[in-house]
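User: I am learning to read protein structures, and I would like help with salt bridges and with the places where chains touch. Could you take me through them step by step?

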Amino acid sequence: MEDVLVYGLLRGGIYALAAFGFSLVLGVIGIVNFAHGALVVFGGLLTQYLAVKFGVPYAAAMIGGALGTGLLGAVIQRLFVARTFTLEPLMVLVQTFGIATVVTELGTLGWGSEERMLRLKTGLPPGFMLGDTFVPSFDLVVFAVSLVSAAVLFVVLGRTEFGRAIRACRDNRESAQLSGINLGRTFEKTMFLSGTWAGLAGAMFVTLSPVAPYMHFSWTVDSFLVITIGGLGSMLGALVGGLVFGVLSFGASFYAPTIAPAITFGVLLVFLVFRPQGLLGAGPAIRK
Amino acid sequence: MATASPLPAPLLRVENLSKVFGGVTALNGVGFDVHPGEVVGLIGPNGAGKTTLFNVISGLLPPSGGTIAFCGRSIGGLRPDEICALGAVRTFQSASLLSGMTVWDNVHVASLFRPAERARVESAAACTRRALAFCGLEDCRDEIAETLSIGDQKRVEIARAMATGPKLLMTDEILAGLNAADSEGILHMLQGLKREGISIIFVEHDVRSVMRLSDRVVVIAQGRKLAEGEPDAVARMPEVISVYLGGRYAQGV
Amino acid sequence: MLDRAAIPRRPSRRAVLKGGVLGAGALAVGVALPRIAGAAGGADGVVHIGASLPLTGPYEKVSRICKDAFDFWTRTYDGKMVVAGRERAVKWTIYDDENNASRAAQLTEKLISDDKVDLVVGTYGTDTVLAQGAIVRKHGRVFVQAGASSIRVDEELGGHTAFTANGRVGTYCAGAMDFLASRTPKPKKLGLVIMDDPVYHEIGQGVKDKCKQHGIDVVTEVVLPMNVQDLRPTALKLRGAGQLDIVYNTGWDVICIKLAEEMSAIGVNPKAFVGGHLTTSPVVKETLGSKMQGIIGSTVWLPQFKYRDDKYASAQEFAEKFKATYGYLPTYQAAFSYILPYIYQQALREADPQDPFNPKTLRDRLSRLDLKDTIWGPVSFDERGRIRRDAAPAVQWTGDPAAAVIVAPADMAESAGVYPKPAW
Ligand SMILES: Nc1ncnc2c1ncn2[C@@H]1O[C@H](COP(=O)(O)OP(=O)(O)OP(=O)(O)O)[C@@H](O)[C@H]1O
Ligand SMILES: [Mg+2]
């Protein structure tokens with residue numbers, strides 16, 4: 001019981017990390033980005049590539065992987081989403097799905113379809129006991145990075161000019177523009193931020209578990225579940241949602257592995273019916 | 001119509017402007033000038049095209065035809081933020097704020113994104129403070145915009161517009177839904193802006209306020225300009241009375 | 001079939017696009033055919049072999065291997081097959097069944113009724129092979145296949161229609177389990193991880209049968225959905241079962257990698273870890289690194305196996321020649337695909353010249369077939385038409401960098417093997 005909770009929370013950190021950007025893009029640009037999972041996977045593979053192919057130290061590879069993914073996000077925004085996001089939401093959905101496919105196929109061409117993993121020699125002890133639960137050191141590092149980067153994102157959004165612009169565009173696109181904010185540029189920056197955090201999630205995850213291009217969709221779905229639980233438009237919601245989802249999916253896989261997906265989706269339905277705004281959502285998850 | 005006294009070059013010149021939505025022609029060859037420091041009242045029946053005109057001038061909608069020149073520069077087709085940076089700003093018919101953000105943030109966003117040459121003169125925080133003070137919003141600066149009363153929301157709209165450092169302010173029914181005291185406060189603020197040399201296009205259904213504030217009045221109906229001139233003269237024009245003023249004002253003149 | 005192992009199960013969108021094109025026209029494997037007329041039927045000196053493969057879709061890659069292996073057999077014999085003492089040109093017709101059972105059935109009908117092929121070889125995948133078999137059976141014909149190893153093939157098509165060149169999946173674990181049972185101290189407790197799909201349950205059942213035979217307790221059994229992502233919960237379950245001697249995972253490569261990672265992360269250290277369907281793909285080794293040490297896998301074929309036939313002095317030579325032709329080392333799928341036309345060739349060599357492809361006599365010949373030396377090992381079929389093979393050999397990764405060596409069965413073993421394995 002205790003170990004299920006601990007391991008679930010540890011996993012939850014990464015889910016939250018991945019979901020921040022998904023939530024941000026949904027809140028600000030108003031699109032469900034089906035390519036989000038592809039960004040997570042891209043970040044993981046890029047990090048692995050930098051570390052293995054060029055011998056870049058992990059910390060630098062991680063930052064490179066995250067920023068590279070951010071850049072990819074911004075390029076996707078400029079070349080594709082910017083041209084369609086005002087159209088029928090369904091069209092944008094189809095478009096991001098297409099982008100996910102293209103990114104995945106290109107990733108497969110470049111890196112192959114095999115699963116890849118980055119093994120680190122951290123010099124840390126393998127882990128320590130928390131009560132009766134063995135906590136692997138690196139899991140804890142990843143968890144800490146998740147929390148710290150959540151805090152960084154919090155500060156970026158709450159305190160900086162850039163963050164204000166993003167929030168302004170989220171709250172009211174027209175007013176924001178009439179306050180002098182360049183909507184297109186702000187959306188690109190939003191996608192950059194979203195991609196960076198997605199890439200960071202991938203960069204951390206690739207040290208824990210193998211990653212391959214074909215895995216992108218489960219990241220998208222998980223991110224969706226996280227913000228449904230946590231609430232749209234709130235970074236704190238994404239964090240809490242990530243942790244809750246971590247425990248939920250871990251518990252489901254532990255106690256009832258064969259029906260685990262059914263359980264997590266069941267909870268999603270319950271949330272959509274009884275608490276559509278999620279645990280900490282700013283408002284109902286409906287587009288303005 | 002045009003006054004005899006020589007006027008400086010217009011701040012805004014709208015010529016032959018049209019806007020078509022599918023089958024609906026919302027603007028049909030509208031043209032008028034706004035001079036520096038001038039308040040132009042823009043009146044017309046519901047659906048005349050007033051809000052559409054603002055949407056086109058402020059860059060939220062592309063024009064279907066015609067030209068808009070601001071400070072001698074063509075602005076038709078520019079992005080809203082570019083037009084804002086040039087100094088033409090507007091308010092919305094129903095207050096349209098950054099609803100989840102504080103009053104301070106609402107105004108501060110505008111201060112932050114002023115063009116660089118204006119940002120050099122005054123810090124963003126100072127600009128925000130000045131705008132809040134002018135609109136009497138210091139006491140509620142930390143409140144969330146959507147929790148404010150209608151009157152205060154309209155003040156925030158004006159403060160936000162002010163913070164951008166405008167040359168031209170377009171207000172769209174800023175008095176609608178306000179009580180007498182709030183209306184009076186807002187009119188005072190607009191008069192203050194006028195004294196600072198800011199031009200205003202004042203769209204309002206409350207004709208008395210229009211007559212009081214405006215130097216000149218433009219009347220549009222069904223997307224066309226119907227009349228233009230000094231307030232008293234316009235108020236006496238039979239076609240304006242029949243199309244718009246009707247019982248609203250005529251008896252009072 | 002089992003080959004989620006080698007190929008990530010990623011439905012290809014290209015399948016949709018290509019399917020139509022490939023499905024429409026026959027795809028003849030490139031063999032130079034001297035003066036063959038359009039008509040088939042054997043009398044004109046041509047052996048017409050028909051097949052379908054899931055050339056698009058999730059099994060795209062593995063089908064490619066199978067198709068190359070058919071081609072490799074054809075090249076090896078210069079495009080000719082001796083039937084009833086007479087050399088005939090070989091003509092292939094291969095369709096794309098998109099891994100879709102009804103499509104496979106349809107195409108098999110077309111092969112038999114329209115294309116009038118002399119011989120049918122099976123496709124790749126349990127459901128498609130079963131669908132194919134139903135059509136073959138309807139026509140009273142027989143076929144040789146290796147693309148489905150589930151016991152369902154024996155139950156539904158064995159003894160009359162299908163001859164299966166692949167061992168029963170229930171026997172996959174036998175080499176590894178027999179090897180482990182003979183170690184000292186003798187393992188007593190086993191944790192079993194089964195993927196939730198009939199084929200994997202069949203493998204799992206094989207493990208349980210072996211445990212019973214050897215007196216090993218299956219102390220915990222975890223069934224995982226096919227789309228399982230996180231293996232930490234499974235590792236935790238295994239830890240909850242106390243000190244285990246053996247962890248047997250029926251899953252494919254990535255499942256084995258993830259489970260090994262998670263067991264290692266939370267300190268679950270069994271004395272042996274068997275990746276029931278772990279392949280020798282280099283990616284596995286790269287990903288697991290030093291954790292590969294001592295891991296055991298089952299494999300039905302490797303170039304190291306001491307097999308030979310009339311053209312190749314060793315499986316190694318076969319593998320090298322294959323690699324020289326197609327640029328990659330043949331997998332077990334290549335070996336079992338190569339063997340399909342080979343089996344027909346051996347069965348038909350002395351067929352009746354009057355009616356060489358008569359289903360009844362072909363069935364008898366296949367049943368009586370007893371080949372000692374082939375690239376696929378000894379080939380003979382039991383009364384259900386299943387190849388006689390009661391254990392898949394086991395390999396163990398040892399040394400640094402780890403290399404797979406055969407540890408069971410004893411007559412093939414290259415090394416005595418390691419037990420218990422080093423901790424992760
Ligand atoms: N986005 C739009 N799409 C289609 N038609 C529109 C759109 N915006 C305005 N219209 C139409 O254009 C015409 C002018 O509308 P507009 O809102 O500009 O009038 P208005 O003068 O501001 O009226 P009111 O005094 O009621 O605010 C109306 O017929 C309106 O229905
Ligand atoms: Mg209006």
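Analyst: What follows takes up salt bridges and then one interface between chains. This is a predicted model, in which local features need pLDDT of at least 70 and side-chain atom pairs count only at pLDDT 80 or more, while totals for chains, interfaces and linings use all residues. Residues are numbered from 1 along each chain as its sequence is written, chains are lettered from A in the order in which they are written, and side-chain values use heavy atoms, with hydrogens and water left out.

User: What is a salt bridge, and how many are there over all chains?

Analyst: Side chains of opposite charge can pair when their charged atoms come close. The rule asks for a side-chain nitrogen of Lys or Arg within 4 Å of a carboxyl oxygen of Asp or Glu, and by this rule the count comes to 41 over all chains. In one of them, B:Arg13 pairs with B:Asp33, and their closest N and O atoms are 2.8 Å apart.

User: Which parts of chain B does that pair tie together?

Analyst: Helices (H or I, at least four residues) and strands (E, at least two) are DSSP runs, numbered from the N terminus. B:Arg13 lies in strand β1 (residues 12–21) and B:Asp33 in strand β2 (residues 24–34), so the pair ties together parts that are 20 residues apart in sequence.

User: Are B:Arg13 and B:Asp33 buried or exposed?

Analyst: Relative accessible area decides this, found with a 1.4 Å probe on protein chains only: buried means under 20%, exposed over 50%, and partly exposed in between. B:Arg13 is partly exposed at 35%, whereas B:Asp33 is buried at 17%.

User: How do I read the interface of chain C and chain A?

Analyst: Begin with contact, which means heavy atoms within 4.5 Å; here 32 residues of chain C and 29 residues of chain A take part. Buried area is the accessible area (1.4 Å probe) that two parts lose on being put together, summed over both, and for these two chains this is about 2,700 Å², with 56% of it on carbon and sulfur atoms.

User: How many salt bridges cross the interface of chain C and chain A?

Analyst: The rule finds 4, including one between C:Glu261 and A:Arg119, whose closest N and O atoms are 2.1 Å apart.

User: Which element gives the largest share of the side of chain C that touches chain A?

Analyst: That element is α9(C), which supplies 6 residues.
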